[in-house]
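Good morning, colleagues. I should like to walk you through one model today, and I ask that you keep the display in view as I speak.

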Amino acid sequence: MSIIIKTQQDVEYMRISCKLAAEVLDYIAPYVKPGVTTNELDKLCHEYIVDVQKAYPSPLQYKPSPKNPPYPKSICTSVNNEICHGVPSDRVLKDGDIVNIDITVYKNGYHGDTSRMFYLGQVSPHAKRLCEITYNSMWYGILQVKPSNTLGDIGNAIQKYVESNGYSVVQEYCGHGIGKVFHEDELQVLHYGKPKTGATLLPGMIFTIEPMINQGKRHVRFLSDGWTAVTKDRTLSAQWEHTILVTNTGYEVLTLSPNMPNPPAFIKSLTT
Ligand code: MF3
Ligand code: CO
Ligand code: CO
């Protein structure tokens with residue numbers, strides 16, 4: 001199987017699904033306050049996606065391989081030392097926590113996928129710095145997206161920037177082709193690598209860039225719930241995610257919403 005190139009029709013539908021996913025993050029932002037449980041955030045997002053957006057939360061009952069139990073919730077909430085796929089629970093978010101909320105929405109037969117970091121109350125400067133460096137690293141990856149560049153160019157840009165700032169890149173998870181299928185096996189976007197290696201980007205490819213960055217070492221430990229990944233050394237981890245279309249001239253960020261955080265100053269446009 002080879003990498004899927006989307007048609008103009010696919011792209012139109014992807015713009016819709018991706019916008020819906022980003023709008024869920026806008027919707028949930030005011031509720032992400034000390035005292036809320038991750039289950040409450042899950043329920044609010046679920047109801048918004050189903051009742052308001054008339055869509056389906058892609059994670060719910062998702063089972064990518066026989067090793068995974070079906071995912072039991074509608075969103076992922078990864079707190080502090082959790083790297084990704086944190087499962088909502090009765091855990092109460094408290095002042096000083098950082099949390100990644102990852103939303104995937106299925107509408108008209110297409111998935112849109114995006115995540116952001118949120119600060120709970122007063123967050124330490126070192127936690128903020130981790131979140132900011134991770135955010136910038138995603139955008140350095142996005143800047144590499146143009147026809148004739150390679151997947152390795154994206155991974156390398158992210159890894160160079162992250163490591164020069166003293167952090168490490170998680171290697172167990174990657175960005176992915178996305179469309180009618182949540183995770184397209186044929187297209188894996190590593191967040192590390194060497195320039196001019198890997199598949200060459202072509203107009204019509206759609207994939208996520210979603211670096212997971214650890215404050216300490218890159219190594220991962222898996223919790224017995226079959227989903228949650230945490231840092232082995234218990235240091236903090238951060239992640240941001242956008243879904244990106246390769247255009248004839250560069251990139252188009254698909255997961256846009258009115259209240260999305262501003263891109264860093266080195267990003268001049270959301271489409272190039
Ligand atoms: N949204 C995640 C990603 O970015 C995948 C979540 S799968 C789940 O690829 F089952 F854990 F929800
Ligand atoms: Co995601
Ligand atoms: Co993703």
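**The metal pair**

The cobalt ion (ligand 3) and the cobalt ion (ligand 2) are 3.3 Å apart, with aspartate 113 coordinating both. This is a predicted model, in which local features need pLDDT of at least 70 and side-chain atom pairs count only at pLDDT 80 or more, while totals for chains, interfaces and linings use all residues. Residues are numbered from 1 along each chain as its sequence is written, chains are lettered from A and ligands numbered from 1 in the order in which they are written, and side-chain values use heavy atoms, with hydrogens and water left out.

Which residues are the protein donors of the cobalt ion (ligand 3)? They are Asp113 (OD), His176 (NE2), Glu210 (OE) and Glu241 (OE), at 2.0 to 2.2 Å from the ion. Donors here are N, O and S atoms within 2.8 Å of the metal (3.2 Å for Na, K and Ca); water is not among the atoms, so sites may look incomplete. Along the sequence, the spacing of these donor residues is D-x62-H-x33-E-x30-E.

Aspartate 113 lies in strand β5 (residues 110-119) and glutamate 241 in the loop between β13 (237-239) and β14 (242-246), 128 residues apart, so that distant parts of the chain are linked. Strands (E, at least two residues) and helices (H or I, at least four) are DSSP runs, numbered from the N terminus. Aspartate 113 is buried at 2% relative accessibility, and glutamate 241 is buried at 1%. Buried means under 20% relative accessible area, exposed over 50%, and partly exposed in between (1.4 Å probe, protein chains only).

Let me turn to the cysteines. How many disulfides does the structure hold? The number is 0, a disulfide being a pair of cysteine sulfur atoms within 2.5 Å. For cysteine 76, the nearest cysteine sulfur belongs to cysteine 84, 7.7 Å away. Cysteine 76 is buried, with a relative accessible area of 8%. For cysteine 131, the nearest cysteine sulfur is again that of cysteine 84, at 15 Å; cysteine 131 is buried, at 1%.

Finally, glutamate 163 belongs to helix α4 (residues 151-164). Is glutamate 163 buried or exposed? Its relative accessible area is 44%, which makes glutamate 163 partly exposed. The C-alpha atoms of glutamate 163 and isoleucine 213 are separated by 9.6 Å, although the two residues are 50 apart along the chain.
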